[in-house]
Amino acid sequence: MATKTPKPSDTDYEELGKAITRVMSNDLVELIQSRRKVFAVGIVRGAGVAVGGVIGLSMLAVIIGFLLNYLHGLPILGHLLETIGHGLQH
């Protein structure tokens with residue numbers, strides 16, 4: 001026969017929240033005190049933003065390319081896009 005664990009009370013959750021806040025605050029203070037760590041975090045963050053931006057713009061360009069290729073078959077827009085395409089080739 002297995003024994004049931006008691007359900008945590010609201011005060012248990014409050015204490016857990018306070019403990020997490022203390023740990024996060026200590027990590028933040030430790031990070032701010034070291035210029036080398038702040039620099040490293042900034043470099044990693046910047047690289048992540050740059051890579052994400054390149055991937056996002058590439059995906060957007062592919063979607064626009066597919067849409068333009070699809071719209072090429074429409075009567076009004078197809079003629080306009082065909083004219084633009086010929087102008088770009090010359």
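Which helix is E14 found in? Here are some notes on that and on the rest of the chain.

1. E14 sits in helix 1, the element that covers residues 10–33. Its relative accessibility is 48%, and because exposed means over 50%, E14 counts as partly exposed. For a sense of distance, take D27: E14 and D27 are 13 residues apart in sequence, and their C-alpha atoms are 20 Å apart in space.

2. Please keep in mind that this is a predicted model. The protein has a mean pLDDT of 82, with 92% of its residues at 70 or more. Among the elements, helix 2 (residues 35–71) has the highest mean pLDDT, at 90, and helix 3 (residues 75–89) the lowest, at 76. As a friendly reminder, predicted coordinates should not be read in detail where pLDDT is low.

3. On the fold, the protein has three helices and zero strands, giving the pattern α-α-α along the sequence. Its radius of gyration is 28 Å, well over the 12 Å that the globule rule gives for 90 residues, so the protein is more spread out than a compact globule. Along the principal axes, the C-alpha atoms fill a box of roughly 75 × 50 × 25 Å.

4. Turning to the surface, buried residues make up 1% of the 90 in the protein. The accessible surface comes to about 8500 Å², and carbon and sulfur atoms account for 70% of that area.

5. Last, the charges: the protein carries 8 positive and 7 negative side chains. The centres of these two sets lie 8 Å apart.

Methods:
Residues numbered from 1 in each chain as written. Predicted model: local features only at pLDDT ≥ 70, side-chain atom pairs only at ≥ 80, totals over all residues. Heavy atoms only, no water. pLDDT = per-residue confidence, 0-100. Helix = DSSP H or I, 4+ residues; strand = E, 2+ residues; numbered from the N terminus. Rg over C-alpha atoms; globule rule 2.2 N^0.38 Å. Buried < 20%, exposed > 50% of the residue type's maximum accessible area, 1.4 Å probe, protein only. Areas by Shrake-Rupley, 256 points an atom, 1.4 Å probe, with all protein chains shown as cover. Lys, Arg positive; Asp, Glu negative; His and termini not counted. Charge placed at Lys NZ, Arg CZ, Asp CG, Glu CD.
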